[in-house]
Amino acid sequence: IGIVKERDIRKYHKKVSSTEIIYEEDPAIPNITEGKVNETFLNYLQSDSVFKDLDSEFKIYLYRQNGAKIGNKVVIGRGSIIISSYLVIEDEAEIGEGCYIKTKQFRIGRMSIIGNNANIITRSVYIGDVLFSGNNILVGGGGAYGKDSGLKIGDNCLISSRCVINTASPVIIGNEVGLSSNVQLFTHNHWQNVLEGYKANFGPITIGDKAYVTGSCLIVPNVRVGKGATILANSLVVEDIDEYTVACGVPAKPVYKVDPNIDTEKKEKIIKRIMLELNEELSFRGFDPKEVAYIGEYKPEREKGKYKVVLTFDVIAKLEKVPGDIAIFDLTNYRFIGRETT
């Protein structure tokens with residue numbers, strides 16, 4: 001029969017309650033099988049004091065020579081070192097200066113950035129594409145090399161400066177998630193002796209797609225933040241937050257629900273207001289606002305040569321390429337088509 005754990009009870013409660021969301025099982029942290037690094041080389045790294053201060057190109061060359069899979073236009077900052085049995089760094093990823101990363105497996109996706117002075121010590125890290133991490137983040141802490149420990153971050157995420165992510169149990173962060181400065185995620189809270197009546201709590205943390213945890217919040221073990229939820233600043237999250245719910249307080253409680261289903265007319269009003277602000281910013285940065293336009297329905301044969309950047313909610317069906325030197329932001333499907341620039 002086995003042992004009934006707190007998490008089992010929580011899942012059962014969700015199934016029998018008509019007011020709660022029934023969640024799927026937590027996604028696992030993917031197992032990395034590429035980029036196996038030579039063990040002799042790893043042992044050398046752990047005892048060498050010079051390697052971390054080599055320039056980026058030479059460090060990357062040595063990692064590749066010893067089995068790591070590293071893409072093009074990658075940067076590993078001065079003073080940074082990665083010690084990992086499996087190491088994958090995709091194109092245009094960047095590790096800042098003064099970073100120390102020690103894992104069993106480490107993968108960082110395309111165009112993802114880890115800021116300066118990160119300290120990442122845990123069993124497994126899997127980072128998707130286009131992460132932006134601020135400086136001085138801390139990943140690991142007590143129990144961070146346990147059997148199930150690790151961190152998974154989806155695509156298009158933000159981890160701001162001075163965030164702390166304890167990985168005694170898995171931490172799963174979805175796509176398009178933002179963590180503001182000084183957010184702390186703890187998958188265990190234990191110090192005092194359980195034989196003297198104190199409690200110990202261990203368990204994963206899951207943050208759903210498009211959620212936003214604002215500054216100086218603390219999330220404790222066995223908490224799930226739902227898709228599109230917002231946790232307001234300085235909150236203590238001790239229980240699950242439903243999707244598209246704004247919560248705050250100590251402990252955090254729901255304040256109101258967000259309706260993500262905005263009609264086209266309201267979306268157009270929002271984007272037109274944003275365009276006014278964008279034009280001011282473009283002018284300030286030396287760009288010509290006349291080269292950027294919002295067009296309700298984009299047809300390349302009609303708009304050819306008029307603009308360099310177009311924002312639209314309606315792109316003609318199956319448009320995968322655009323003629324000329326133009327970039328299109330499809331605001332309905334959140335996709336980009338056309339010329340990429342820096």
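The following exercises, each with a worked solution, concern the predicted model shown above.

Residues are numbered from 1 along each chain as its sequence is written, and side-chain values use heavy atoms, leaving out hydrogens and water. In this predicted model, local features need pLDDT of at least 70 and side-chain atom pairs count only at pLDDT 80 or more, while totals for chains, interfaces and linings use all residues.

**Exercise 1. The chain as a whole**

Determine how many helices and strands the protein chain has, and what share of its residues is buried.

Solution. Helices (H or I, at least four residues) and strands (E, at least two) are DSSP runs, numbered from the N terminus. By this rule the protein chain has five helices and 32 strands. Next, buried means under 20% relative accessible area, exposed over 50%, and partly exposed in between (1.4 Å probe, protein chains only). Buried residues account for 42% of the 342 residues.

**Exercise 2. A hairpin and its cis peptide bond**

Describe how β25 pairs with its partner strands, and examine the turn that follows β25.

Solution. Two strands pair if DSSP finds at least two bridges between them. Strand β25 (residues 245–248) pairs with strand β23 (residues 230–231) in the parallel sense, over two bridges; here T230 stands opposite V246. With β26, strand β25 runs antiparallel, joined by four bridges, and V246 has Y256 as its bridge partner there. β25 and β26 form a hairpin with four residues between them, and G249 in the turn has a positive phi of about 115°. The loop between these strands also holds P251, which a cis peptide bond with omega of about -5° joins to V250.

**Exercise 3. Two residues with positive phi**

Compare E176 and N222: where does each lie, and is each buried, partly exposed or exposed?

Solution. First, phi of E176 is near 60°, a positive value in a residue other than glycine. E176 lies in the loop between β14 (171–173) and β15 (178–179). Phi of N222 is likewise near 60°, and N222 lies in the loop between β21 (218–219) and β22 (223–225). Second, E176 counts as partly exposed because its relative accessibility is 41%. N222, with a relative accessible area of 4%, is therefore buried.

**Exercise 4. The surroundings of L185**

Identify the residues in contact with L185 beyond its sequence neighbours.

Solution. Contact means heavy atoms within 4.5 Å. Leaving aside neighbours within four places in sequence, L185 is in contact with V164, I165, N166, V171, I173, L179, I205, I207 and I219.
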